[in-house]
Amino acid sequence: MEEIIERTRNIDFHHPFTPYDVQQQFMHTVYNVLEEGGGQIGILESPTGTGKSLSLICAALTWLRNHKKRTYEISIDAAANSFKNEPDWVVEQLLKRKRAEIVDLWEERESNLRKIRAREAMMEEREKKRKRYGERTSEKEVKSQSSEEEEWLLDEEDEEGVPRFSDISKEVTDDNDEGDQVKIYYTSRTHSQLTQFIAELRRPAFPPSVPDEFLKSDEDHEVEAVKHVPLSSRQRLCINPSVARLGSLSAINDRCSELQQSKSKDKCQFLPSTNNLGQTHQFRDNVLATLPDIEDLHSLGKNFQVCPYYASRTAIPGAEVITLPYPLLLQKSARDALGIKLDGNIVIIDEAHNIMDAIANVYASEICLKDLVRARLLLQVYVKRFGKKLKGENRVMVGQVARVVDGLRAWMENSSNVKSDQGIADPNELLKHKGIDQINLFKLIEYVQRSKLAYKIEGYAAHVETQGETKPATAFSSTPVLHTLVSFLVSLSNLSSEGRIFYHKTGEKEQQDIRLSYLLLSPTHAFSSIALKARAVILAGGTMSPFDDYTAHLFPELAAGKITTLSCGHVIPSSSLCVWTLSSCDPMNNANRMQFEFSYQKRSDKKMIHNLGLAVLNICTAVPDGVVVFFPSYGYLDEVISVWSQTDSTQPTSIWNKLQNKKAVFSEAKGSSSDDLLEQYSKAILDEDPQTTTAKPAARARGALLLSVVGGKMSEGINFSDRLGRCVVIVGLPYPNINSPDWKARIEYIESTTIQRLTSGETPRPRSEAIAAAKQAARDFYENSCMRAVNQSIGRAIRHRNDYAAIVLVDRRFGTDRIRGKLPGWIQGGLVNGSENGGLGQMMSKLNGFFRSKQ
């Protein structure tokens, strides 16, 4: 780390505040990874509250501006070399002219963007009026009743396809010479996280991207605004009311493509074309001038009456930072559709602790028996109306879709007699019914996507429903079952060693359903299309520990020298954190010491659950305000509450009642609203009038106790800062169910691929050694999955520099070196030495002293 800081010691990162030491360390590391390039990977952990987003922005944009300056300087040096045979005065004049051309082009662009920003500032007061105008003028007339049904009839095949947007994009961006410059692609998990990042992007100011010696000394060139483009789906950006109202993403996508067809009677008036080239240019320039978020982009589209989904692509060549959600970056087909080229560019993935799950989710698909029943009904309704008008390929393909539906349905209905409720489905068996294996699925999928068959059939069903002719059980927009079927067929036709299909029975016997789901077991291949193309990739998060999984499963073939890891400390002083490992209520020297071990085999022991209740009760006595306790699962939380609620002759008052006398008690239920629960919990702590359904708070209740679940809604994205989270308690280690079909498949896949990798290549290892290493790799992956979930829950506490909290880890296994080594660095630094050997009394003494010091 000292080497990295030394190399970048004199760099000004233009941080808007005085950065903390951990922020300096983080920015130096990011800058160095980007500077190294050549496919360098950075895996960086910086706890929540340490200004991670702002540090990322300052480091990445400082590097980008410096890189642009060097690029200009290199172009001048190259020009000088090409003129080396000319007299010195000629060379000097030619280079002076070339520098002037670079500066003039840069000044013209910056001047134009400054004027746009000034105009936008003047028009802020008229924003509401502009929005009303945008809504009014974008409304379309309702089609005549006579032509309504024809919209749903499949077109006859011809040579015309959907017009490519790239034609207009090229025309719009021909006057922009920045398309080949390095860009930063930033992605995060949720829309709100992207919005927060954009707000942070507006804070710092960066110097010009042109070398200082090129600029005219008599003019002020201190700042150059950041050019940013947010990208999103049609669902968030569509401004055509007739399309946006469809609700589901798949229906909106298909209808949008339909309205671009050359034969469409109602071509979308907002699509960028030669007819609205002026508005598209204005839209592009306003995007680059104003640092917009997705809502701003939507408003700009309405103001200029041009589609923001397509027109935003025209701003990409001139952009420095492009923000987009996970699915648009992680899926190659989505990148291709948006025209995103990662070659030589920077990729920053924030909240990357769940990157492997995110990749699996992007490629996942599923279909239920009830979906297939509804799909067959929709096909029958459609064929009954249009069957006689279908000809050639349309008739054949609609028939093949029906055969696929019937075949999958037959397999599911036969599987209802299988004893096991879940398992792995053999894809060859799936395809045997109704002769599906005789159908070219690739050709069928291509046809369905090209013809918009799913949209037309479901659209017609919705039309029939609105006309009152029939009442389908499910609304068109909420369950696009044919789109769901197509997604599953894509998975079925692209099966590889990295994927498996699972079946799972759901519901009671009278209303039993069966679900088929496709799961990507390994993200390696999917992520390699990003890692191999980008100049550098940064994986950043608040709780990235343990790091091993990212190197082992995202880029296993990458040389160690290509990977940089960093686990930053927290910005809080050490006196603001107390981490205690509670292995037992009794100290080590007690002969009758009963240890806490909440493994699946031991966690139902009532005495251990009773002791846990006593520990939580004592914690509630010592800790002011809010205490959050995380359990391994919802089922175990219910079991614990049941035991705590019991009374007997030796215990006339239950632990549950005693807890209620200490604090207002709230419990997270599976499927419940996290917003309502969090609001009630917050009110109880902040001395407002709580409305609780789980408990009757005592008159002297001091703060509140929240019982939650690791991996539940409260364990990620919820901010328990200050009084809301003075203590976080982790009960046990939430290992996934290793006997579930999906985890069995994951473990088998990791073992088999590890053995194959170690026994092949230039220096193969002995098979016995490879088998042992493979089993260890599978165990590590299983344990790391558990520890990532634990670390996310721990990260709910301490959200800023002036915050403080205690963290109690209740399980003897937290005292082992192996588990401790997988905790975030800042948590390891706060661990009380020897706490695992102490008991409840020692912990209470420590907690009382810790919180007294904060009064």
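1. Two strands are said to pair if DSSP finds at least two bridges between them. With that in mind, look in this predicted model at V629, whose bridge partner in strand 15 is L707. Strand 13 (residues 626–631) and strand 15 (residues 704–709) run parallel and are joined by 6 bridges.

2. These two strands belong to a wider arrangement, for 6 strands form an open sheet with parallel pairing, in the order 12-17-16-13-15-14. At its edges lie strand 12 (577–582) and strand 14 (664–667), each of which pairs on one side only. From one strand to the next, the twist averages 15°.

3. Which helices pack on the sheet? Helix 30 (residues 767–794) is one of them, touching strand 13, strand 16 (727–731) and strand 17 (805–810), and its direction makes about 160° with that of strand 16. Helix 33 (residues 840–852) packs on the sheet as well, touching strand 12 and strand 17, with a direction that makes about 170° with that of strand 12.

4. Before going further, the reader should consider how confident the prediction is, since the pLDDT of the protein chain averages 87 and 89% of the residues score at least 70. Confidence is highest in strand 5 (residues 346–349), at a mean of 98, and lowest in helix 6 (residues 166–173), at a mean of 44. Over residues 158–176 the pLDDT is below 50, and this stretch has 32 contacts in the model beyond near neighbours in sequence. Residues 135–146 also stay under 50, and for them the model has 15 contacts beyond four places in sequence.

5. Helix 21 (residues 453–467) deserves a careful look: its 15 residues reach 21 Å from the first C-alpha to the last, close to the 21 Å expected at 1.5 Å a residue. Why can helix 21 be called largely enclosed by the rest of the structure? The reason is that 12 of its 15 residues are buried, among them L453, Y455, K456, E458 and H463. The buried residues of helix 21 pack against helix 10 (249–258), helix 17 (369–386), helix 18 (392–415), helix 20 (441–451) and helix 22 (481–493).

6. T62, found in helix 3 (residues 52–82), counts as buried because its relative accessibility is 2%, and the cut-off for that word is under 20%. A polar atom of the T62 side chain lies 2.6 Å from the backbone oxygen of C58. An α-helix has 3.6 residues a turn, so residues three or four places apart point the same way. Leaving aside neighbours within four places in sequence, T62 is in contact with I11, D12, F13, H14, Y31, I57 and F206.

7. N286 has its place in helix 11 (residues 277–290), where N286 is buried, with a relative accessible area of 2%. What does the side chain of N286 reach? The side chain reaches the backbone oxygen of Q282, at 2.8 Å. Not counting residues up to four places away in sequence, N286 touches I116, R119, E120, L300 and F304.

8. A last point concerns residues that are far apart in the sequence but meet in the model: V22 and C568 are 546 residues apart in sequence, while their C-alpha atoms are 6.0 Å apart in space. V22 lies in helix 2 (residues 21–36) and is buried, with a relative accessible area of 13%. Apart from neighbours within four places in sequence, V22 is in contact with C568, G569, H570 and V571.

Methods:
Residues are numbered from 1 along each chain as its sequence is written. This is a predicted model: local features need pLDDT of at least 70, side-chain atom pairs count only at pLDDT 80 or more; totals for chains, interfaces and linings use all residues. Side-chain values use heavy atoms; hydrogens and water are left out. pLDDT is the predictor's confidence in each residue, from 0 to 100. Helices (H or I, at least four residues) and strands (E, at least two) are DSSP runs, numbered from the N terminus. Contact means heavy atoms within 4.5 Å. Buried means under 20% relative accessible area, exposed over 50%, partly exposed in between (1.4 Å probe, protein chains only). A polar contact is a pair of N or O atoms within 3.5 Å; within protein, one must be able to donate a hydrogen and the other to accept it, and residues adjacent in sequence count only if both atoms are side-chain atoms. Axes are lines fitted to C-alpha atoms, for helices over the stretch in contact, and angles run from 0 to 180 degrees between N-to-C directions. The expected span of a helix is 1.5 Å times one less than its number of residues.
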